[in-house]
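Here are some notes for a colleague who is opening this structure for the first time. They are meant to be read with the sequence and the model side by side.

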Amino acid sequence: MMNGVAVAGSIEVTLPSEFHPGWNRLPGVRVEGRNLTIDSAEYFFRLESHSWLVADWEKVLTELIPVDETTDSAVEQLALNFIRAHAKPTSDPALVLRTAYDVYGYLFRSDRLDSAGLPHVTTDHLRMLHEAATLMALNKVELDGHISNIGPCWFFPAATSVVFGLDDEEGRMLDELYHGAWFNEHRRIESIKAHAALGGRLVHGCQAAADQTGGVVAPYGATMTTFRQDLEAFKKGWIAQVYAHRVEFVD
């Protein structure tokens, strides 16, 4: 599955709750209750970087989330200042996954459903978003816009259809929730602050509609022109590889 890059070893992490057993359908992923193991050589399409930027989630919760933007300091500037002061590079992907689990557990929490105006969205959908977004945190884009790390969860509808047995319509709906429909302005501000724990801001390749172009937590200042060009060069073939692991369910 790798794009000409030989990578040995595996990523092992124990998370606070059990992941869906359907993750075992993706190459290189093994889920056993709360234990998640990823074989890097099987899982990633491209793995060129072994370093991520993270900040302590509890510090984000207590020192950034409660702070309001002002006419002198927009929320993006608050997040950037926090990242500069508190984020540190790590070569431990398990730490990235644990941090992402906290970030997305916060963003996709069920107490927001009542006020979201999305009656078709259930707590099951939030679990899907939470788990898939946690794995997406291993993706990475560099400052020059080059995408250095890419796994199956970049292609949100494809990956979730394999893992959770979704049809095309529900897969697209979940992707739409991930890249925007869940967020009003208040929630967008929450998202900007929360993603400081993962060292950047959430950037989507999609335009007006979900089209499998995915997203990544990108460093502030990353070149988006190169990002778009890189996406277009690889996505079709790798989406097809993810869909190849889909199981068709018959009622």
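**Notes on helix H4 and its surroundings**

1. In this predicted model, helix H4 covers residues 93–107, and at 1.5 Å a residue its 15 residues should span 21 Å, which agrees with the 21 Å between its end C-alpha atoms.

2. Eleven of the 15 residues of H4 are buried, so this helix is largely enclosed by the rest of the structure. The buried set runs from Pro-93 and Ala-94 at one end to Tyr-106 and Leu-107 at the other, and includes Val-96, Leu-97, Tyr-101 and Tyr-104. At the start of H4, Asp-92 places a side-chain oxygen within 3.0 Å of the backbone nitrogen of Ala-94.

3. Asp-92 also takes part in a contact with Thr-90, since a polar atom of the Thr-90 side chain lies 3.0 Å from the backbone nitrogen of Asp-92. Thr-90 itself belongs to strand E6, residues 88–90, and with a relative accessible area of 12% it falls under the 20% limit and is therefore buried. Leaving out residues up to four places away in sequence, Thr-90 touches His-50, Ser-51, Trp-52 and Val-54, as well as Leu-95 and Val-96.

4. Which residues have the most contacts inside the largest nonpolar core? They are Trp-23, Leu-36, Tyr-104, Phe-155 and Tyr-178, in a core of 83 residues, and H4 gives the most to this core, with nine residues. In soluble globular proteins, nonpolar side chains tend to be buried together.

5. Tyr-104 deserves a separate look. Apart from neighbours within four places in sequence, Tyr-104 is in contact with His-130, Ala-133, Thr-134, Tyr-178, His-195, Leu-198, Leu-202 and Val-217.

6. Helix H2, residues 57–64, has Trp-57, Val-60 and Leu-64 among its buried residues. These three cover an arc of only 75° around the axis, which means that they lie on the same side of H2. The buried residues of H2 pack against H4, and also against helix H3 (75–86) and helix H9 (185–194). The N-terminal end of H2 is capped by Asp-56, with a side-chain oxygen 3.2 Å from the backbone nitrogen of Glu-58.

7. For the chain as a whole, the secondary structure comes to ten helices and ten strands, and buried residues make up 53% of the 251 residues. Of the contacts between residues at least 6 apart in sequence, 73% join residues at least 24 apart. The accessible surface comes to about 11300 Å², and carbon and sulfur atoms account for 49% of this surface.

Definitions and conventions: Residues are numbered from 1 along each chain as its sequence is written. This is a predicted model: local features need pLDDT of at least 70, side-chain atom pairs count only at pLDDT 80 or more; totals for chains, interfaces and linings use all residues. Side-chain values use heavy atoms; hydrogens and water are left out. Helices (H or I, at least four residues) and strands (E, at least two) are DSSP runs, numbered from the N terminus. Buried means under 20% relative accessible area, exposed over 50%, partly exposed in between (1.4 Å probe, protein chains only). Contact means heavy atoms within 4.5 Å. Accessible areas come from the Shrake-Rupley method with a 1.4 Å probe; for residues, only the protein chains shown count as cover. The expected span of a helix is 1.5 Å times one less than its number of residues. A polar contact is a pair of N or O atoms within 3.5 Å; within protein, one must be able to donate a hydrogen and the other to accept it, and residues adjacent in sequence count only if both atoms are side-chain atoms. The arc is that of the directions from the helix axis to the C-beta atoms. A nonpolar core is a set of buried Ala, Val, Leu, Ile, Met, Phe, Trp, Tyr and Cys residues joined through side-chain atoms within 4.5 Å.
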